[in-house]
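Student: I would like to learn how to read packing and burial in a model. Where should we start?
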Amino acid sequence: MTTLSTHILDISTGKPAAGVALRLEQGEQVIASGLTNANGRLGDFAPAPLPPGRYRLVAETGDWFAAKGLETPFPCAQIDFIIPSKADDHYHLPFLIAPGGWSTYRGS
């Protein structure tokens, strides 16, 4: 079984993105949700270890930028990922965001 955490950094300011709404989906079902803390982090995101399968981690960055008076053409940033059948690992999937775009990588 696999665990999941995330971190969101606003690279336009170099600061953590506190208070970003996140959700974890599997298919059409939302299986977890939360907000990033003051350090832009959300650890132990799922209520239980994640079984193998396909998932989507969604960050509501459009709402977050709008609350700061900034416009972005991207209402959200999302990471589609697969946990393989033999996985027993931790996935740390950070978002690097800015009003003009976003990127990700698999961290540790």
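**Reading the core, then a buried charge**

Tutor: Start with the nonpolar core. This is a predicted model. Its largest nonpolar core has 24 residues, and L24, F81 and F95 touch the most other members.

Student: Which elements each supply at least two residues of this core?

Tutor: They are β1, β3, β6 (53-59), α1 (61-67), β7 (77-83) and β9 (95-98). The largest share, four residues, comes from β7.

Student: What is F95 in contact with, leaving aside its neighbours within four places in sequence?

Tutor: The list includes T6, H7, I8 and L9. L22, L57, A59, A77, Q78 and I79 are also on it, as are W102 and S103.

Student: Now a charged residue. Is D10 buried or exposed?

Tutor: D10 is buried, yet it has no salt bridge. A salt bridge needs the charged atoms within 4 Å. The nearest side chain of opposite charge, K68, is 7.0 Å away from D10.

Student: Where is D10 found, and what is it in contact with beyond its neighbours within four places in sequence?

Tutor: D10 is found in strand β1, residues 3-10. Its contacts beyond those neighbours are K15, A17, W64, F65, I97 and A98.

Student: A17 is on that list. Why does A17 count as buried?

Tutor: Buried means under 20% relative accessible area. A17 has 0%, so it is buried. A17 lies in the loop between β2 (15-16) and β3 (21-26).

Student: What is in contact with A17, leaving aside neighbours within four places in sequence?

Tutor: I8, L9, D10, T36, N37, G40, W64 and I97. Take N37: it is 20 residues from A17 along the chain, and their C-alpha atoms are separated by 8.2 Å.

Note on methods
Residues are numbered from 1 along each chain as its sequence is written. This is a predicted model: local features need pLDDT of at least 70, side-chain atom pairs count only at pLDDT 80 or more; totals for chains, interfaces and linings use all residues. Side-chain values use heavy atoms; hydrogens and water are left out. Buried means under 20% relative accessible area, exposed over 50%, partly exposed in between (1.4 Å probe, protein chains only). Lys and Arg count as positive and Asp and Glu as negative; His and the chain ends are not counted. Contact means heavy atoms within 4.5 Å. A nonpolar core is a set of buried Ala, Val, Leu, Ile, Met, Phe, Trp, Tyr and Cys residues joined through side-chain atoms within 4.5 Å.
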